[in-house]
Structures are given as C-alpha cells and as structure tokens.
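Hi everyone, thanks for making room for me today. I'd like to walk you through one structure, step by step, so let me put it on the screen.

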Amino acid sequence: MMYDVVIIGAGPAGISAGIYAASRGKKVLITEKNTVGGLIGKVSTVTHYAGIMTEETGSSFAKRLKIQAENTGIDIIYEEVTQVELQGSIKKVFTKDGAYDAKKIVLANGTTPRKLNIPGEAELTGKGSKRRKKIYRQKHLRRRRRGRSCKGSSVFIKICETSYDHSF
Ligand SMILES: Cc1cc2nc3c(=O)[nH]c(=O)nc-3n(C[C@H](O)[C@H](O)[C@H](O)COP(=O)(O)OP(=O)(O)OC[C@H]3O[C@@H](n4cnc5c(N)ncnc54)[C@H](O)[C@@H]3O)c2cc1C
C-alpha cells in the first residue's frame with residue numbers, strides 16, 4: 001500500500017507528526033519497534049508536557065497517545081525499520097517483515113539513553129521511583145543526572161544511606 005507519510009517511531013514526536021498529517025487528510029503509517037509512547041512512556045511521572053493530567057504516569061500518557069492516534073485513522077505497525085530508500089519521489093521503508101512505500105518519510109526514532117553498566121540497571125530500568133520511596137529507604141543510591149532529570153530524585157538523597165552521581 002502506498003502511504004502519503006511513513007513515520008519511523010511512535011514516541012511523542014512521531015505520534016504528534018502523525019496526528020497533524022492525518023488531520024490534513026494524509027494517509028499515515030507509523031512503524032514502531034517497541035511500544036507507543038517511546039521514552040516518555042517509561043517515565044514514572046510526566047511533569048512538563050502540554051495537556052498532561054496531574055501526576056500522570058508515562059504509561060497512562062502513552063495510552064492516551066495511542067488512542068488519539070488510532071482515532072485519527074493512523075495505521076500503527078510494530079516492526080523495526082532496518083533500512084530506508086530516500087531517492088526518487090516514492091521512498092521505501094524496509095522492516096524485517098515487509099516494505100512500505102511513501103511520498104514522505106519522517107524520522108522520529110528518538111534517542112537511546114546511554115547505559116551506566118552498574119549492577120541492577122537492567123532489572124530496575126523503567127520501574128519508576130517516586131511511588132517506591134519506601135523501598136529506597138536506607139539503601140545505596142546511584143543518581144543519573146541529565147539537566148533537570150534528577151530534580152525529582154533529590155528526595156531520595158535525604159532518605160538513602162549513601163548516594164553517587166553519574167553525569168552524562
Ligand atoms: C526520566 C525522564 C523523564 C522525562 N520527563 C519528561 C516530561 O515530564 N515531559 C517531557 O516533555 N519530556 C520528558 N522527558 C523527555 C521525553 O521522554 C523525550 O523528550 C521524548 O520521549 C522524546 O520523544 P521522541 O518521540 O522524539 O523520541 P522517543 O520517545 O525516543 O521515541 C522514539 C521511538 O522510536 C522508536 N524507534 C527507534 N528506532 C526505531 C526503528 N528502527 N524502527 C521502529 N521504531 C524505532 C523507539 O522504539 C521509540 O518508541 C523525560 C525523559 C526522561 C528520561
């Protein structure tokens with residue numbers, strides 16, 4: 001099938017681009033290798049984003065993104081894009097399972113946070129922290145700092161036994 005726009009990535013950027021294109025009458029496909037919501041779908045609380053509910057979790061925000069995209073008539077498939085062909089008026093997007101034609105391609109594949117390579121990282125990533133204050137009490141804390149992203153974790157400094165900072 002020929003799409004007007006194929007968007008790679010269903011994070012906030014991909015979904016926003018898709019909703020706008022669909023609202024202009026374009027036939028839109030979004031390909032996502034994981035789940036709708038991208039990085040923000042995994043945060044414990046979304047604190048600064050237009051139109052969010054108070055104390056909204058990343059997971060519930062991602063659900064609303066998905067519902068809005070589906071209601072707009074966007075096709076969403078869960079396939080990883082492995083290659084794109086950008087030459088010519090018809091572009092091609094290749095996944096492990098197929099190939100899709102489009103007049104325009106939007107790259108909204110985001111970023112992948114660098115790993116700290118510390119014990120417990122794989123098990124704890126995306127588990128959230130704010131609502132789990134009790135289990136951190138008198139534990140050893142490693143804070144990962146980037147800009148304001150450590151703001152919410154400052155409360156843990158007070159309740160933890162020791163703390164280490166990692167800047168990146
Ligand atoms: C702890 C934390 C808290 C945050 N809190 C907030 C907040 O309160 N408010 C706020 O506005 N921002 C917040 N952010 C930042 C926010 O998460 C990002 O700015 C936002 O997710 C970027 O959106 P994006 O769509 O550009 O990319 P991403 O969210 O990274 O989405 C990219 C998507 O593309 C997919 N993808 C990548 N490669 C492929 C491929 N080859 N094929 C198919 N799919 C692919 C990925 O799986 C992913 O779903 C926070 C970030 C962190 C880490």
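Okay, so let's start with the parts list: the chain has five helices and eight strands. Before we go on, please keep in mind that this is a predicted model. If you trace the chain from the N terminus, the elements come in the order β-α-β-α-β-β-β-β-α-α-β-α-β. And of its 168 residues, 19% count as buried.

Now for the sheet. How many strands does this open sheet have, and in what order? There are six, and they line up as β3-β2-β1-β6-β5-β4, with mixed pairing. At the edges sit β3, residues 75-77, and β4, residues 81-85, each of which pairs on one side only. On average, neighbouring strands here are turned by 40° against each other, if you ignore direction.

A quick reminder for anyone new to this: strands of a sheet pair through backbone hydrogen bonds, and they can do that parallel or antiparallel.

So let's walk across, starting from the β3 edge. Strand β2, which covers residues 28-31, pairs with β3 in the parallel sense, over three bridges. If you want a place to look on the screen, find L29, which stands opposite D75 in β3.

Moving on to β1, residues 2-8, we get another parallel pairing, this time with β6 and over six bridges. One pair to look for is I7 and its bridge partner in β6, V106.

Then the direction changes. Strands β5 and β6 run antiparallel and are joined by four bridges. K92 has D101 in β6 as its bridge partner. The connection between β5 and β6 is a hairpin, with three residues in between.

Last pair on this walk: β4 and β5 also run antiparallel, with four bridges joining them. Here K92 turns up again, since in β5 it is the bridge partner of E85. That makes K92 a handy landmark: it has E85 as a partner, and D101 in β6 as another. The hairpin of β4 and β5 has five residues between the strands, and there G88 takes a positive phi near 85°.

Let me stay with the hairpins for a moment and point at G98. You'll find G98 in the loop between β5, residues 91-95, and β6, residues 99-107. Is G98 buried or exposed? It counts as exposed, because G98 has 10 C-beta neighbours inside 10 Å, and the cut-off for exposed is 12 or fewer. There's also a distance to show you: G98 and V81 are 17 residues apart along the chain, and their C-alpha atoms are separated by 9.4 Å.

Right, helices. I've picked one pair, α1, residues 12-23, and α2, residues 58-71. Their axes are 10 Å apart, and the two helices pack at an angle of about 25°. Angles under 35 degrees count as roughly parallel, and therefore α1 and α2 are roughly parallel to each other. The crossing of α1 past α2 is left-handed.

Next, the loops, where a few residues caught my eye. E55 is not a glycine, and yet it has a positive phi of about 60°. E55 sits in the loop between β2 and α2, and with 12 C-beta neighbours inside 10 Å it counts as exposed.

N117 is another non-glycine with a positive phi, in this case about 55°. Its place is the loop between β6 and α3, which is residues 121-124. N117 counts as exposed too, because it has 7 C-beta neighbours inside 10 Å.

Then there's K33, in the loop between β2 and α2. K33 is partly exposed, because 15 other C-beta atoms lie within 10 Å. From K33 to N109 you have to go 76 residues in sequence, but C-alpha to C-alpha they are 9.5 Å apart in space.

Finally, the ligand. Which residues come nearest to it? Of the 26 residues around the ligand, those are G9, G11, A13, G38 and G110. Helix α1 gives the most to this shell, with three residues. As for its chemistry, the shell divides into eleven nonpolar residues, twelve polar ones and three charged ones.

That's my tour, so I'm happy to take questions.

Definitions and conventions
Residues are numbered from 1 along each chain as its sequence is written. This is a predicted model: local features need pLDDT of at least 70, side-chain atom pairs count only at pLDDT 80 or more; totals for chains, interfaces and linings use all residues. A residue is near a molecule or strand if its C-beta atom, placed from the backbone, lies within 6 Å of it. Ala, Val, Leu, Ile, Met, Phe, Trp, Tyr, Cys and Pro count as nonpolar, Asp, Glu, Lys and Arg as charged, and the others, Gly among them, as polar. A residue is buried if 20 or more other C-beta atoms lie within 10 Å of its own, exposed if 12 or fewer, and partly exposed in between; C-beta atoms are placed from the backbone. Two strands pair if DSSP finds at least two bridges between them. Axes are lines fitted to C-alpha atoms, for helices over the stretch in contact, and angles run from 0 to 180 degrees between N-to-C directions. Angles under 35 degrees count as roughly parallel, over 145 as roughly antiparallel, 65 to 115 as roughly perpendicular and the rest as oblique. A crossing is left-handed if the near helix is turned anticlockwise from the far one by less than a right angle, and right-handed if clockwise.
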